[in-house]
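Dear colleague,

I am passing on the structure we talked about, with notes on what turned up when I went through it. Please look at the structure first and then read the notes beside it.

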Amino acid sequence: MPRITGYRKAHFNAAHRLYKSDWSDEKNLAIFGKCSNPHFHGHNYEIIVAVTGDIDPDTGYVFDLGILKRLIRSEIEDAFDHKNLNVQVEEFKTLNPTAENICVVSYNKLRKHLPSSLDLEVTLYETPRNFVSYSGE
Ligand code: NI
């Protein structure tokens, strides 16, 4: 059975601040640069969700991308879009909202809704040139 990967792209705008509360403002600025601005700032995030598995002989799909679209909307876009991640999103009240951590949180939110037979990879763009990806581990 051919294994194939299906992709769905989505987008959200969100604000964040990268900092560690037990570090001084000077140290936060030295480590996180502009992203430690105490007044927050926004990014236009792009997320690419990839599901890999066998083509279902009945449907011809690896996974229904319409279902994936709705899952991304409910788990990612509704949760993060136009939010201040540090203040309004439970996961990031105690977890620094770096691209890395947003990517892992997104993966975990999607993973639990997908069949275990599918491999999942989430790629998150924080800027057009800076992106991370996570596929479990
Ligand atoms: Ni930033």
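Six salt bridges are present in this structure, which, please bear in mind, is a predicted model. Two of them meet at Arg3, since Arg3, Asp54 and Asp119 are joined in a network of salt bridges. In the pair formed by Asp54 and Arg3, the closest N and O atoms are 3.8 Å apart; this pair connects distant parts of the chain, with Asp54 in strand β2 (residues 41–54) and Arg3 in strand β1 (residues 3–16), 51 residues apart. In the pair formed by Asp119 and Arg3, the corresponding distance between the closest N and O atoms is 2.9 Å, and here too distant parts of the chain are linked, Asp119 lying in strand β4 and Arg3 in strand β1, 116 residues apart.

As for the surroundings of this network, Arg3 counts as partly exposed because its relative accessibility is 47%. Asp54 falls into the partly exposed class at 40% relative accessibility, and Asp119 is likewise partly exposed, with a relative accessible area of 42%.

Another salt bridge joins two helices: Glu75 pairs with Lys109, the closest N and O atoms being 3.7 Å apart, and the pair ties helix α2 (residues 65–80), which holds Glu75, to helix α4 (residues 99–111), which holds Lys109, across 34 residues. Both Glu75 and Lys109 are buried.

Which charged residue is buried yet has no salt bridge? That residue is Glu126, and the nearest side chain of opposite charge, Lys34, is 11 Å away from Glu126. Glu126 sits in the loop between β4 (119–125) and β5 (131–134), and, when neighbours within four places in sequence are set aside, Glu126 is in contact with His16, His43, Asn44, Tyr45, Thr98 and Ala99.

Turning to the cysteines, a search of the whole structure returns zero disulfides. Cys103 takes part in none, and the nearest cysteine sulfur, that of Cys35, is 16 Å away; a disulfide would need the two sulfur atoms within 2.5 Å, so this pair does not qualify. Cys103 counts as buried because its relative accessibility is 1%, and Cys35, at 16% relative accessibility, counts as buried as well.

Finally, some notes on the protein as a whole. There are four helices and five strands, and, read along the sequence, these elements follow the pattern β-α-β-α-β-α-α-β-β. The C-alpha trace spans about 60 × 25 × 25 Å along its principal axes. Of the 137 residues, 40% count as buried, while the accessible surface comes to about 8,000 Å², with 50% of that area belonging to carbon and sulfur atoms. Among contacts with a separation of 6 or more, 66% are accounted for by residues 24 or more positions apart. The protein carries 16 positive and 19 negative charges, and the mean positions of these two sets are 4 Å apart.

With best regards

Methods
Residues numbered from 1 in each chain as written. Predicted model: local features only at pLDDT ≥ 70, side-chain atom pairs only at ≥ 80, totals over all residues. Heavy atoms only, no water. Buried < 20%, exposed > 50% of the residue type's maximum accessible area, 1.4 Å probe, protein only. Lys, Arg positive; Asp, Glu negative; His and termini not counted. Salt bridge = Lys/Arg side-chain N within 4 Å of Asp/Glu carboxyl O. Contact = heavy atoms within 4.5 Å. Areas by Shrake-Rupley, 256 points an atom, 1.4 Å probe, with all protein chains shown as cover. Charge placed at Lys NZ, Arg CZ, Asp CG, Glu CD.
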